[in-house]
Amino acid sequence: MKKILFVNACVRPESRTAELARYLLDKLEGDVEELKLGDEDIRPLDLAALTKRNSFVEAGDFSDDMFRYAKQFIAADTVVMAAPYWDLSFPAMVKAYMEAVTVQGLTFYYTEEGIPKGLTNVKKVIYVTTAGGPVGEFNLGFDYIKAVCGGLYSIYDVTCHKAEMLDVIGADVEDILQEVRNEMDEIYGA
């Protein structure tokens, strides 16, 4: 059975992003494992953490607990990431998570020519986001996830489902959300 990793960066109990992601997850076949980033203590890499990680990487030893997120990621077949649209991208915890996942020798390696190649089992990444205002061309959170997945992990099937303009006065929020659900139904089945 397929393994689906649900990376949930939604902190609000009434999160519209999480609601759309759960709607999507109901359409996907497989065992879902949820990682609630708000419940984790993932910190950005500082000098001490980077030095520690590099010493393990150089030794080829990935047994330390600091590699659990990378191991969880590479074991998935599909990753669904739910991240609200904050400040033109996503909550900072998503960047810290991606730093924890991006480990040379575990999630990717460099060829002799210096080209990164992926080492994950992941075939597809689906990014779900919602915004109170317009996203337009500034979906920088998705752009970052897509670039890292393709550029480092060799995952090229990376898609985004977004609902925007949800907090604009007069917006029909339910209609906007339903349009995204309909899009998901078309792609993943009703």
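Start by selecting Ala70, which sits in helix α3 of this predicted model. Its relative accessibility is 0%, so Ala70 counts as buried. Show what surrounds Ala70: leaving aside neighbours within four places in sequence, Ala70 is in contact with Ala100, Val101, Val103, Leu106 and Thr107. For a sense of scale, draw a distance from the C-alpha atom of Ala70 to that of Phe90; the two residues are 20 apart along the chain, and the separation is 20 Å.

**Helix α3 against helix α4**

Next, colour α3 (68-75) and α4 (92-101). Two packed helices are described by the angle between their axes and the distance between the axes. Here the angle is about 80°, and the axes are 7 Å apart. An angle from 65 to 115 degrees counts as roughly perpendicular, so α3 is roughly perpendicular to α4.

Which residues make the contact between α3 and α4? On the α3 side, select Tyr69, Ala70 and Phe73; on the α4 side, select Tyr97, Ala100 and Val101. By class, the contact of α3 with α4 holds six nonpolar residues, no polar and no charged ones.

**Helix α4 against helix α5**

Keep α4 on display and add α5 (140-151). How do the axes of α4 and α5 lie, roughly parallel or roughly antiparallel? They cross at roughly 5° and come within 12 Å. Angles under 35 degrees count as roughly parallel, and α4 and α5 are therefore roughly parallel to each other.

To see the contact, select Val94, Lys95 and Met98 in α4, then Tyr144, Ile145 and Val148 in α5. The contact of α4 with α5 divides into five nonpolar residues, no polar ones and one charged.

**The largest nonpolar core**

In soluble globular proteins, nonpolar side chains tend to be buried together. In this model the largest nonpolar core has 31 residues. Begin with the members that touch the most other members: Phe73, Val94, Tyr97, Ile145 and Tyr153.

Now colour the elements that each supply at least two residues of this core: β1 (3-8), α3, β3 (78-82), α4, β6 (124-130) and α5. Which of them gives the largest share? Helix α4 does, with six residues.

Centre the view on Phe73. Not counting residues up to four places away in sequence, Phe73 touches Leu5, Val79, Tyr97, Val101, Thr120, Val122, Tyr153 and Ile155. A second core, separate from this one, has 20 residues, including Ala21, Leu24, Ala82 and Ala163.

**Aromatic rings**

Seven aromatic pairs turn up in a search of the whole structure. A pair of aromatic rings is described by the distance of the centres and the angle of the planes. Show Phe56 and Phe67: their ring centres are 6.0 Å apart and their planes are at 90°, so the pair is edge-to-face. This pair links distant parts of the chain, with Phe56 in helix α2 (residues 47-59) and Phe67 in the loop between α2 and α3, eleven residues apart.

Add Phe62. The rings of Phe62 and Phe67 have centres 5.3 Å apart and planes at 85°, so this pair is edge-to-face as well. Phe56, Phe62 and Phe67 are linked by ring pairs into a cluster. Is Phe67 buried or exposed? Phe67 is buried, with a relative accessible area of 1%. Phe62 has a relative accessible area of 17% and is buried, since buried means under 20%.

**A buried asparagine**

Move to Asn139, in the loop between β6 and α5. At 7% relative accessibility, Asn139 is counted as buried. Leaving out residues up to four places away in sequence, Asn139 touches Tyr85, Leu88, Tyr127, Thr129, Cys160 and Lys162.

**Two residues with positive phi**

Most residues other than glycine have a negative phi, and most peptide bonds are trans. Two stops on this tour depart from the negative sign of phi.

Select Asp87, in the loop between β3 and α4. Its phi is near 50°, a positive value in a residue other than glycine. Asp87 is exposed, with a relative accessible area of 77%.

Finish at Met165, in the loop between β7 (158-163) and α6 (173-188). Met165 is not a glycine, yet its phi is positive, at about 70°. With a relative accessibility of 32%, Met165 counts as partly exposed.

Conventions
Residues numbered from 1 in each chain as written. Heavy atoms only, no water. Core = buried A, V, L, I, M, F, W, Y, C linked by side-chain atoms within 4.5 Å. Buried < 20%, exposed > 50% of the residue type's maximum accessible area, 1.4 Å probe, protein only. Helix = DSSP H or I, 4+ residues; strand = E, 2+ residues; numbered from the N terminus. Contact = heavy atoms within 4.5 Å. Axes fitted to C-alpha atoms, helices over the stretch in contact; angles between N-to-C directions. Parallel < 35°, antiparallel > 145°, perpendicular 65-115°, else oblique. Nonpolar A, V, L, I, M, F, W, Y, C, P; charged D, E, K, R; others polar. Phe/Tyr/Trp six-rings, centres within 6.5 Å; stacked < 30°, edge-to-face > 60°.
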